[in-house]
2 protein chains.
Amino acid sequence: MRNLRQGRGSRVTISDVGAAAGVSASTVSRVLNGTAKVDPALAARVHDAVTELGYRPNAAAQGLARGEWGTIGVLVPDLANPYFPGVLKAVSAVARSHGRRVMVMESDDDPSIEHDLVEDLMRSCDGVLLASSRLERADLAVLTGRGHPLVLLNRIVPGLAAPAVSADFFGGMMLICGHLAQLGHRRVAYLSGPEVSWANSERIRALEAAKAFGLSVTILPCGATSRCGYEAAAAVAGTGATALTTYNDLVALGAVTRMRELGVRVPEELSVVGFDDIALDHVAHTGLTTVSVPRGQLGRQAAEMLVALMTEGHDGEPLTLPMELHVRDSTAPPSAVTVLTSEGDGGKPSSG
Amino acid sequence: MRNLRQGRGSRVTISDVGAAAGVSASTVSRVLNGTAKVDPALAARVHDAVTELGYRPNAAAQGLARGEWGTIGVLVPDLANPYFPGVLKAVSAVARSHGRRVMVMESDDDPSIEHDLVEDLMRSCDGVLLASSRLERADLAVLTGRGHPLVLLNRIVPGLAAPAVSADFFGGMMLICGHLAQLGHRRVAYLSGPEVSWANSERIRALEAAKAFGLSVTILPCGATSRCGYEAAAAVAGTGATALTTYNDLVALGAVTRMRELGVRVPEELSVVGFDDIALDHVAHTGLTTVSVPRGQLGRQAAEMLVALMTEGHDGEPLTLPMELHVRDSTAPPSAVTVLTSEGDGGKPSSG
DNA sequence: CATCCATCTGAAACCGCTTTCTCACAAGCC
DNA sequence: GGCTTGTGAGAAAGCGGTTTCAGATGGATG
């Protein structure tokens, strides 16, 4: 019993199966892949031998011989962010429907690791989906220049030779700013995401553009996690802002929690807006006003684009999905007296 | 420029590098792997050629030649559950420290998919880490019988030939029951997790054993997500329970949210206990009483065990990590008058 | 009945890399 | 100086599959 499989060395090969079935390895291959017609009797013998020996083809050998792995790789910065599992599920579904499996790696928000991991993925996957890449433009150019199928998710770099699918972060933040302006807010704070994040700079770009709405914006360094939001929230008080925008929902929720602890009522004293609409349904108690793009659709489109690139070689044009505003309970007109700052703003509350 | 890399066919091989550097492929291999001493001048030429041609070794060919992939695979039921990223980060760290990369797959809680995915992983990884497997015992036996390095995480199956690392779910639930009993609760409801989950049956086993504490338990079907908890919460009212235990924190938080909506105060009218202590710090507003085991430690131990199994072949004995109770704000002595049930329980509140 | 063609099977080449084996060459020894 | 060692580089043999190629067998045809 113990000797039936002696670890590494004694793996069952296709020749073993052939020997057991009394046919050649070629025939076994043909039977298993349905590449050519084979005598039913032989096929049956092969199948018997396969099950009896517990044969499973070696993926490396197949990959080498076929010139492809049947795998698509996805790199995400942080699996702990609920945003990505949502995307990944869609990607997996598309991959499965094309007979491919998906292999996920996480870069932990570290650009240097990210570079290595992308290289690894390119060496062992037919295509790579790079989500919210933190890489510098130059690094990215090197990687996309390799001629390996690669699709960028949630990052658009103009001159780059790689197709991209992204949510319209700029438009999303504009929606938020419009909403806040309409409510009567004038001073807004922004809890900034990772500095190296394109998604973050898009949001900031929109915030600058929103000066046209009469908004003045203070940008506070923060991060991408609820902990960051929690810790950075205290600094909001000093800005005189009546509304707080954030890099994402996690940050927003962290900030809301901190605000509650500080005795600041949301939204009466401070409106808070998230970003992404992550699925913390039924967990966070605040109905967070936020913007979103269907993550499933995002993942699906990106995966389809990648598969098309892998199989047909043609790269579709960059795709930008529009975001939607979800107004919930965390935003309201600013109150007449702002408790957050001694100087006050005297903004007139509007009844909207 | 466009012709520099013509997609699939024209990939740079080790021989190309050798030709460019004026050496043999063997020498290139030796230089890149540091396998043997090579003349510094040649080595330099090789390195130049590598960078110039943008050579990256083909992972399949390496895997085939070396007989190993340098990869460990992890299968989790659901990436959306914050429990797993916590484990995965630790696994990745261990893998990296051993010069291996990790490849993650998600089964979406579907045992049939899970079986296929494990087979896939075994065909393309040196070792497999199977987290919270939903597979039936028989299926699992087949898989572990393959003689492929495999470690079970959070699942212990007595007669199985695979090492396992698990949190002591039984002990964890006992801690919870002890805590509740001490507070004076007598009637407890349990929102049950996935039926096929070993982790769930361990919790239930503990609940049964807790009859010794004088607790009577009602088990309600539920699931593993906050949505499940939210939806199942309403049924708790009918049980006359003064305390609610759950499969995990997500379920508990969902239930708490629902209870608030129903006007049931937590913990005054109903104590709620979670399981896992997932990192929703600063997001959920309820300080949830729960039990936990360090997920990092869990992942690390499992990964180390797997690496040991892969390299040395020896399988350590099953490891069970003790859980800790974290008493927070969601549990309290039962109130004298329970509004949840007309018959009431008349349990005496104890001041603990 | 001999010839040809269509089918199916096995042998062999190949995928790209590692590793053993072999050999050429230079240094060390008597 | 001839011979043994030691050293480093190239040739070649796999790793385990797939796929081309060639050959055997059988039926259809003239």
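Helices (H or I, at least four residues) and strands (E, at least two) are DSSP runs, numbered from the N terminus. What I am showing is a predicted model, where local features need pLDDT of at least 70, side-chain atom pairs count only at pLDDT 80 or more, and totals for chains, interfaces and linings use all residues. Residues are numbered from 1 along each chain as its sequence is written, and chains are lettered from A and ligands numbered from 1 in the order in which they are written.

I start with DNA strand C. In the surface near that strand, α2 and α4 of chain A and α2 and α4 of chain B each supply at least two residues. A residue is near a strand if its C-beta atom, placed from the backbone, lies within 6 Å of it. DNA strand C is surrounded by 28 residues, the closest being A:D39, B:I14, B:S26, B:S29 and B:A65. The most, 6 residues, come from α2(B).

Now DNA strand D. There 27 residues surround the strand, and A:I14, A:S26, A:S29, A:A65 and B:D39 are the closest. The elements giving two or more residues to this surface are α2 (25–33) and α4 (59–66) of chain A and α2 (25–33) and α4 (59–66) of chain B. Here the largest share, 6 residues, is from α2(A).

Last, a part of chain A. Strands β6 (residues 187–192) and β7 (residues 216–221) of chain A run parallel and are joined by 6 bridges; two strands pair if DSSP finds at least two bridges between them. In this pairing, A:V188 of chain A stands opposite A:V217 in β7(A).
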